[in-house]
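These are my notebook entries on what I looked up in the structure. I took the strands, a helix and the enclosed space in turn.

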Amino acid sequence: MKKKVFVSGCYDMLHSGHIAFFEQAAKLGDLYVGIGSDKTIESLKKRKTINPEQERLYMVKALRAVKDAWVNSGSGLLDFEQDLRTFRPDVFFVNEDGHSPEKEKLCAELGIEYLVSQRVPHQGLPVRSTTVLRQECHIPYRIDLAGGWLDQPEVSKYASGPVITVCIEPDYEFNDRSGMSTSTRKKALELWQTDIPEGDKVKLAKTLFCYENSPGSQYVSGSQDALGIVLPAVNYLWYEGDYWPSSIQSEASDEVLDWLEKHLQLIALSPRAEDLYVAEGASINTEKVQHLSDLAQQVWQALLAQDLTLFAETMTKAFQAQVALYPNMMNDTVREGIAMLPKAVLGYKLCGAGGGGYLAVVSETPLPQALKIRIRRA
């Protein structure tokens, strides 16, 4: 009897990368494919699919490598869970950008072998992904590396300090409400459509900040989002009780950026729940804010010195200092994701406001189940 191999995904705009992935999975046994419904994909990506679910299902079922396929019955990142429990495959096969601790935990519970693949194109063909083919835009995302919340006056009025942001290329289509500044990026799309225009980057970031936070806005999004998207490389933004930083320091040397790309990766968790208000129950005082500021400054110095141990240690402590200010950043989803991190992970933090999203993790060597980043250089 051949093993039953299961894969799950969107498979919109079917391309050679999908086919190579299916062929790789089919080498392990009979391949069965679960397809995300139109409703699920719209809720995760905040966009409609190019091809509706029945058309996607028809195309996938027609492939030689596929034994059978269906539309997953559930919703969210684990929309296949009930199907998996009923079908009970021998192997669950995922790409590195499809890995999540929740999937791994579910497979362990059900006794299903969980395998993470690298993207391997068919011989002679380029690496393909739906994100690249869509060519929606080249506007970057941002990672909040340390000091997050200091861009809010209600925090930095207690003690000034830095927020460190990393501008990364859009090699993946990150889920909405996942701490990658997707809401600000959507405003950048409205303004500029395809990419950050030429010109003074700080002025462009201020334009984006003002556009997102128009007069009468109920909530003012922190300026680290706009600056983190528009300013390339790694940036050290110093806040002193105002919405805009009093100074900006950039680090764009290839040596530091190469080092950071080598050691910083992302692991996906479930997106933050729509009804979660992270700022509720905040516990802010001078001592806690100064502690966060001090740790963020240490992260910056460790980064410039390329001291991996100190960088990982201080980044984790800076994240814990954020949670001390805003306890709702942490919940069972985040705790379980952290508990399942590989032993090779030296340090970690959530990329944004918390409650879910992506864990930025530090390791000596690349992790097979993590997303590699490319930092925008200019």
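**Entry 1: an open sheet.** I traced an open sheet of 4 strands in this predicted model. The order I recorded is E11-E12-E10-E13, and the pairing is antiparallel. I then asked which strands stand at the edges. They are E11 (345-350) and E13 (371-372); each has a single partner strand, so one side of each is left without a neighbour in the sheet. For E11 I looked up the pairing with E12 (residues 358-363), which is antiparallel over 5 bridges. Within this pair, I found Leu-350 opposite Leu-359 of E12.

**Entry 2: strand E7.** I next checked whether E7 (residues 161-168) is covered or open, and found that 8 of its 8 residues are buried. I looked up its pairing with two other strands. Strand E6 (residues 141-146) pairs with E7 in the antiparallel sense, over 5 bridges. Here I noted that Ile-143 has Val-166 in E7 as its bridge partner. Strand E8 (residues 234-239) also runs antiparallel to E7, and 6 bridges join the two. On that side I recorded Pro-162 opposite Trp-238 of E8.

**Entry 3: helix H3.** I asked which residues of H3 (residues 53-61) are buried. I listed Arg-56, Leu-57 and Val-60 as buried. These three cover an arc of only 100 degrees around the axis, which puts them on the same side of H3. On the other side of H3 I found Gln-54 and Tyr-58 exposed.

**Entry 4: enclosed space.** I searched the whole structure for cavities of 30 Å³ or more and obtained 3. The largest holds about 930 Å³ of space. I counted 40 residues in its lining; those nearest its centre are Gly-9, Cys-10, Lys-45, Asp-97 and Gly-98. By class, the lining divides into 14 nonpolar, 17 polar and 9 charged residues.

I then asked which helices and strands each supply at least two residues of this lining. The entries are strand E1 (4-9), helix H1 (16-26), helix H2 (38-45), strand E4 (91-95) and helix H6 (130-134).

My last query was where the largest cavity lies with respect to the domains. Domain 1 (4-120) and domain 2 (141-372) both give residues to its lining, so I placed the largest cavity between them.

Conventions:
Residues numbered from 1 in each chain as written. Predicted model: local features only at pLDDT ≥ 70, side-chain atom pairs only at ≥ 80, totals over all residues. Heavy atoms only, no water. Buried < 20%, exposed > 50% of the residue type's maximum accessible area, 1.4 Å probe, protein only. Pairing = 2+ DSSP bridges. 1 Å grid on protein atoms, 1.4 Å probe; cavity = no way out; pocket = protein on both sides within 12 Å on 5 of 7 lines; lining within 4 Å. Points joined across faces, edges and corners; volume = space filled by probe spheres on them. Nonpolar A, V, L, I, M, F, W, Y, C, P; charged D, E, K, R; others polar. Domains from an automatic or database assignment. Arc of directions from axis to C-beta.
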